[in-house]
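Biologist: Before I rely on any label here, please take me through the model and set each word against the cut-off behind it.

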Amino acid sequence: MAAPEQLVFAPLGGVGEIGMNLSLYGLGDERRRQWMIVDCGVSFASEEHLPGIDLMFPDIRYIVEERRSLSGIVITHAHEDHFGALFDLWPQLRVPVYATPFTAALIEAKKASEPGAPDIDVKVVQNGSRFHVGPFDVELVSMSHSIPESNALIIRTALGTVLHTGDWKLDQTPGVGLPTDQDKLRRLGEEGVLAVVGDSTNAVRDGRSPSEADVAKTLAELIAAAPARIAVTTFASNVARVRAVAEAARAAGREVVVVGRAMERVAQVARETGYLDGIQEFRGPDVYGYLPPDKVVALCTGSQGEPRAALARIANDDHPDITFSRGDQVIFSSRTIPGNEKAVSSVINGLIDQGIKVITDRNHLVHVSGHPRIGEVEELLGWIKPSILVPVHGEALHLSEHAAIGKRLGIPNVVNCRNGDMVQLAPGAPGIIDEVPHGRVYKDGAVLIGADSRTIADRRRLGFVGLVTVALALNEKGVMLADPEVELFGIPERGKDGAVLADIALDAVHETYDSLPKARRRDPDSVAEAVRRGVRGAVAQQWGKKPICHVHVLAV
Ligand SMILES: [Zn+2]
Ligand SMILES: [Zn+2]
């Protein structure tokens, strides 16, 4: 008997965490499934836990193995947590990537600035269009969000229809781009939907998000009232916000100076795709110094405290073109992403120390989230009335609050899943039927390494306790042919009693060697291990910490 056809959903990233969204949809029987990937996102690592690592991606080895039955990748929108892993992961997959014009243009612009980026096979699809990805009949639904062209996907199959919401909210005045296509969603509800796979980010917050138009109004008031220089920092991809700042600047008779490469790139792409139509030309940072303080608005990258971005350099007073002084103002038109708090405070403190007034969303409506609060989630689920709800895009708390909304609304099946779970959506009762390989990979320089590789653990240990290296030359009889070489890295010069730790280590090498019976001295591995232990013990006694010790025995 043939195995039954199934429709499955398996997230490899973004479920139980914020960032690196990557989901699989599979159709067919267990041995012959056809796959589609939705989104291919990145996460940014914080320095303390992962020394030397900036980026991490979902581990995609499962779908790499299934590559021959993978039909394509659909990108919902051009936020880094949805498309930022494409350049690094696509070469292992090499299938068409479906993206709307703005997203496709950003992929292109990013490629131009990253030497060696792969030639991704991007298929441009229009907003609201319908196309096939293998056996999946996919239709785009425009959703308002904090970037132009965020799309929900209607995924129609013979076993039922899934609405994959992507990132969304119900803003009817989103500033740029299309508002959420409520008519299409209502019609979809009437057509009948098996499952909603939905954004949980703000399912912990009551009510509804304010509109982007409310933020634009606040920005216009603040910019009009500013006595001297004023800067706004925001996520470069938030084109509506860029537009709001430009309109506020024009109304106040100020020029917009764009500072930071990411901001320049997005502004360029937004112009090409029509999202800045009617907006004055922006100026480069080189003209900033020539403009009177009340005739300029600086639009800067660096809202997350990124140390190399424009704002951090301004706060440290080491930007080549842009300076601020007492009485100037900086607006953070952004929210601090969890993990970036320290970096952002350090930038804010640097600005305040220079006498600059800092305005954040703590006291003014200068930012709204792009994600739906409880009232909006309820409204969408009310239109769609799915029989299954799968909360995704969030940490455990967000997912469970989203699940609670579903239960409250009487959705018959609410599936609580995590990365690596394979969820059967149809036929029959939904549930987790399998676990697929999953995890994280880190980008270390130009190389991808597994999260379980020793590299990072070693590096972290090195960061705590430093390193002693010992080199010994022994002949075949185990006789030492020269003085041992000992070097210390990242270890204090003197121990608690004032002894020089390098001398302590060298003495320990000699003492350990001398204490070994002659027979053992002929075995290089045995000598190395004994010396390693001896050195670590002796240094620890004086230092209070055990260093890493590497002994190299040269047998000559
Ligand atoms: Zn997202
Ligand atoms: Zn997003």
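Biologist: What does the secondary structure of the protein chain come to?

Modeller: The count for the protein chain is 16 helices and 27 strands, where helices (H or I, at least four residues) and strands (E, at least two) are DSSP runs numbered from the N terminus. This is a predicted model, in which local features need pLDDT of at least 70 and side-chain atom pairs count only at pLDDT 80 or more, while totals for chains, interfaces and linings use all residues; side-chain values use heavy atoms, with hydrogens and water left out. Residues are numbered from 1 along each chain as its sequence is written, and chains are lettered from A and ligands numbered from 1 in the order in which they are written.

Biologist: How much of the protein chain counts as buried, and what area is exposed?

Modeller: Of its 556 residues, 56% count as buried, a word that means under 20% relative accessible area, with exposed set at over 50% and partly exposed in between (1.4 Å probe, protein chains only). The protein chain exposes about 24200 Å², and carbon and sulfur atoms supply 50% of that area; such areas come from the Shrake-Rupley method with a 1.4 Å probe, and for residues only the protein chains shown count as cover. Along the principal axes, the C-alpha atoms fill a box of roughly 85 × 80 × 45 Å.

Biologist: What makes His82, Asp81, Asp167 and His393 the protein donors of the zinc ion (ligand 1)?

Modeller: Donors are N, O and S atoms within 2.8 Å of the metal (3.2 Å for Na, K and Ca), and water is not among the atoms, so sites may look incomplete. Asp81 (OD), His82 (NE2), Asp167 (OD) and His393 (NE2) lie 2.1 to 2.2 Å from the zinc ion (ligand 1), so they meet that limit. Their spacing in sequence is D-H-x84-D-x225-H, and both Asp81 and His82 are buried.

Biologist: Why is the arrangement around the zinc ion (ligand 1) called irregular?

Modeller: Four donors count as tetrahedral if all angles lie between 85 and 135 degrees; four count as square planar and six as octahedral if opposite donors are over 155 degrees apart and all others between 65 and 115; anything else is irregular. The four donor atoms here subtend angles of 86 to 162°, so the upper end of the range rules out tetrahedral, and the arrangement is classed as irregular.

Biologist: Which residues coordinate the zinc ion (ligand 2), and where do they sit along the chain?

Modeller: The zinc ion (ligand 2) is coordinated at 2.1 to 2.3 Å by His77 (NE2), His79 (ND1), His145 (NE2) and Asp167 (OD). These donors are spaced H-x1-H-x65-H-x21-D. The pair His79 and His145 links distant parts of the chain, 66 residues apart: His79 is in the loop between β6 (70-74) and α2 (80-83), and His145 in the loop between β10 (136-143) and β11 (150-157). The angles among the four donor atoms run from 91 to 165°, and this site too is irregular. Asp167 bridges the two zinc ions, which lie 3.4 Å apart.

Biologist: How do you know that His79 and His145 count as buried?

Modeller: His79 has 15% relative accessibility and His145 has 7%, so each falls under the limit for buried.

Biologist: What makes the contact between Arg440 and Glu17 a salt bridge?

Modeller: The term asks for a side-chain nitrogen of Lys or Arg within 4 Å of a carboxyl oxygen of Asp or Glu. In Arg440 and Glu17 the N to O distance is 2.5 Å, so the pair qualifies. Arg440 is in strand β23 (residues 440-444) and Glu17 in the loop between β1 (6-13) and β2 (22-29), 423 residues apart. At 32% relative accessibility Arg440 is partly exposed, whereas Glu17, at 9%, is buried. By this rule there are 24 salt bridges, including Arg32 with Asp29 at 3.7 Å, where Arg32 is exposed at 66% and Asp29 buried at 7%.

Biologist: Why does Leu481 count as partly exposed, and which patch includes this residue?

Modeller: Leu481 has 47% relative accessibility, so it lies in the middle class. With Val479, Leu554 and Val556, Leu481 forms a nonpolar patch on the surface with about 350 Å² of accessible area together. Patches take residues with over 30% relative accessible area and no salt bridge, joining like charges within 9 Å and nonpolar side chains (Val, Leu, Ile, Met, Phe, Trp, Tyr) within 5 Å.
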